[in-house]
Amino acid sequence: MTTPALLPLSGRRLPPLNLGASAFPHHRATLRLSEKFILLLILSAFITLCFGAFFFLPDSSKHKRFDLGLEDVLIPHVDTSKGGKNLGGFLIHGQGHDEHRHREEEERLRNKIRADHEKALEEAKEKLKKSRDEIQAEIQTEKNKVVQELKKKDSKPLPPVPLPNLIGINSGEPADPDIREKRNKIKEMMKHAWDNYRQYGWGHNELKPIARKGHSTNIFGNSQMGATIVDALDTLYIMGLHDEFREGQEWIDKNLDFSVNSEVSVFEVNIRFIGGLLAAYYLSGQEVFKIKAVQLAGKLLPAFNTPTGIPWAMVNLKSGVGRNWGWASAGSSILAEFGTLHMEFVHLSYLTGDPVYYNKVMHIRKLLQKMDRPNGLYPNYLNPRTGRWGQHHTSVGGLGDSFYEYLLKAWLMSDKMDTEARKMYDDAIEAIEKHLIRKSNGGLTFIGEWKNGHLERKMGHLTCFAGGMFALGADGSRDDKAGHYLQLGAEIAHTCHESYDRTTLKLGPEAFKFDGGVEAVAVRQNEKYYILRPEVIETYWYMWRFTHDPKYRQWGWEATQAIDKYCRVSGGFSGVKDVYSSSPTYDDVQQSFFLAETLKYLYLLFSSDDLLPLDNWVFNTEAHPLKNKKQHHCTSSIRI
């Protein structure tokens, strides 16, 4: 385990790790003036040599060009007026060929070479009159032209897919003035986070709000890809912050470039970038977001080039070379990573008409269906070379979580037509309930982790999303158990609220135990941090939508006040290292998911239900809303 400041995590995530990414520096060729002069002299000498060679060529009329033992040479021609014989479009000339015409041709070539030589010398003289800065500016201009031409070649026109009249993308204004005031406060917090990122970290992936500079982690490689911009777009849109949205759109249009020599996390880039771009496209209808999403998806496809089709965890966007995390069990891929691609990839196939994305994720599903599962549970590790499970570790938190979420959401996204996904979800949840869900001595329902044949009685903050998942999946569950799963969701929400309420700051720790009289409390120092995570608030929002029990808004407001009091700094919002300390230290990171998820779920919690209604929208694991099949009325051959 590492310190919170080193965690490359968001949404449904991996556990905390400190992994260095290889650097791929871009070397910019900068020619000094003296170097430029030498190159120009070499070029001039070469042209002079060519000119001299042509000038002193012997008269070809006196010599055969190629002594191939042939009396005649085939020359393309269609005119037979000079006595030649036309055979199939070629004219056969004998040795009586017109010598005068050859001499004219050679003279014309000499004149052209002489003119080109003189022109090159004139250009060289003009170059040498310019300053170093002017020469560098011209070189940069030419480089930019080449880059733009390459981009044009890469940008294949996408088929027109008409956008339907979308439901619930504006307003959501609550009638109650007290609720409206709280919602406005959350909007102000979003503005504070965005404005400081705009001022101090613009174009960087994230922000260090205390140091007031850009921040990044190994999940983004060594490139500044504006992760916060892409992640925050849909939140800005639904909050009505349209000037800020346009700022982000302009940056994406002009600066977001995926042809970089950078190794990125396939999972993180998919849920944050492709998910964020697709959501921005659906909400605004701006084509640039769809085009960028498809360009990036093409860069991720080489990650699937494994013996099994299970993708690598990381891929180099330029070379397409993939690999897995060095710490993963026996070189395995991770369930929550390769199992959290389905929603975005199905939408990509729908928007492009290209089934390749759909086929990739359906292949993963088919492979998983064929495999034996110990105790009906999915282990977190799968080797992409052998197709065998790695270490038998099962979690509904980090490493496993969003795999189960995407099974349920694949069913919802298909307007409940994808019964295969629903069956896989139901089977998995039954096994989880049997082996991982327990009640503590104090009556708190928790979800433990299965490790090496025994249950670890510890629950992570990441696992708290499951309360909302159980509520979302209640309708349509087997054996009329909708009430049971709604109640289970409520119990998980209560346990996670207790993990917040039992801290000094009223913010939840990264993980908490249920052992030896300790309940819903972190024991280890490196599990006491809070990095602006959204999962508990996410569950509050889903429970509010399905029950309208006012306690969920009350709990959400408690969390809002705690974040504003203890995580807000003048330069944005920062995580804290110890939620049990009355004077905590900051980790100095404003995570992109804070704008994408935490503030979005809080805003929705204090909005009316007609803003992004769940009958019409399905949220990816980074809280990016994607349309479900109900809203699709088009001619695309790919159906969601």
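**Cavities, a buried helix and a small sheet**

Trainee: The count comes to five cavities of 30 Å³ or more. What makes something a cavity rather than a pocket?

Mentor: On a 1 Å grid over the protein atoms alone, a cavity is a set of points where a 1.4 Å probe fits but cannot get out, while a pocket is an open set with protein on both sides within 12 Å along at least five of seven lines. Keep in mind that this is a predicted model, where local features need pLDDT of at least 70, side-chain atom pairs count only at pLDDT 80 or more, and totals for chains, interfaces and linings use all residues. Residues are numbered from 1 along each chain as its sequence is written, and side-chain values use heavy atoms, with hydrogens and water left out.

Trainee: What does the volume of the largest cavity stand for?

Mentor: Grid points are joined across faces, edges and corners, and the volume is the space filled by probe spheres set on the points. For the largest cavity that comes to about 140 Å³; the second largest has about 50 Å³.

Trainee: Which residues line the largest cavity, and how are they classed?

Mentor: A lining residue has an atom within 4 Å of a point. Here 13 residues qualify, with Gly 339, His 342, Val 361, Arg 365 and Leu 407 nearest the centre. Ala, Val, Leu, Ile, Met, Phe, Trp, Tyr, Cys and Pro count as nonpolar, Asp, Glu, Lys and Arg as charged, and the others, Gly among them, as polar. That gives ten nonpolar, two polar and one charged. Helices α11 (356–370) and α12 (401–413) each supply at least two of the lining residues.

Trainee: Why is α10 called mostly covered?

Mentor: Buried means under 20% relative accessible area (1.4 Å probe, protein chains only), exposed over 50%, partly exposed in between. In α10 (residues 342–352), eleven of its eleven residues fall in the buried class, so "mostly covered" fits. The cover includes α7, α8 (287–300), α11, α12, β21 (617–619) and β22 (625–627). Just after α10, Gly 353 has a positive phi of about 75°.

Trainee: How do you know that β7 and β8 pair?

Mentor: Two strands pair if DSSP finds at least two bridges between them. Strand β7 (residues 314–316) and β8 have two, in the antiparallel sense, so they pass. Val 315 stands opposite Gly 322 in β8.

Trainee: And why is one side of β6 left without a neighbour in the sheet?

Mentor: The open sheet runs β6-β7-β8, with antiparallel pairing. β6 (263–265) and β8 (322–323) stand at the edges with a single partner strand each, so each has one side without a neighbour in the sheet.

Conventions. Helix = DSSP H or I, 4+ residues; strand = E, 2+ residues; numbered from the N terminus. Contact = heavy atoms within 4.5 Å.
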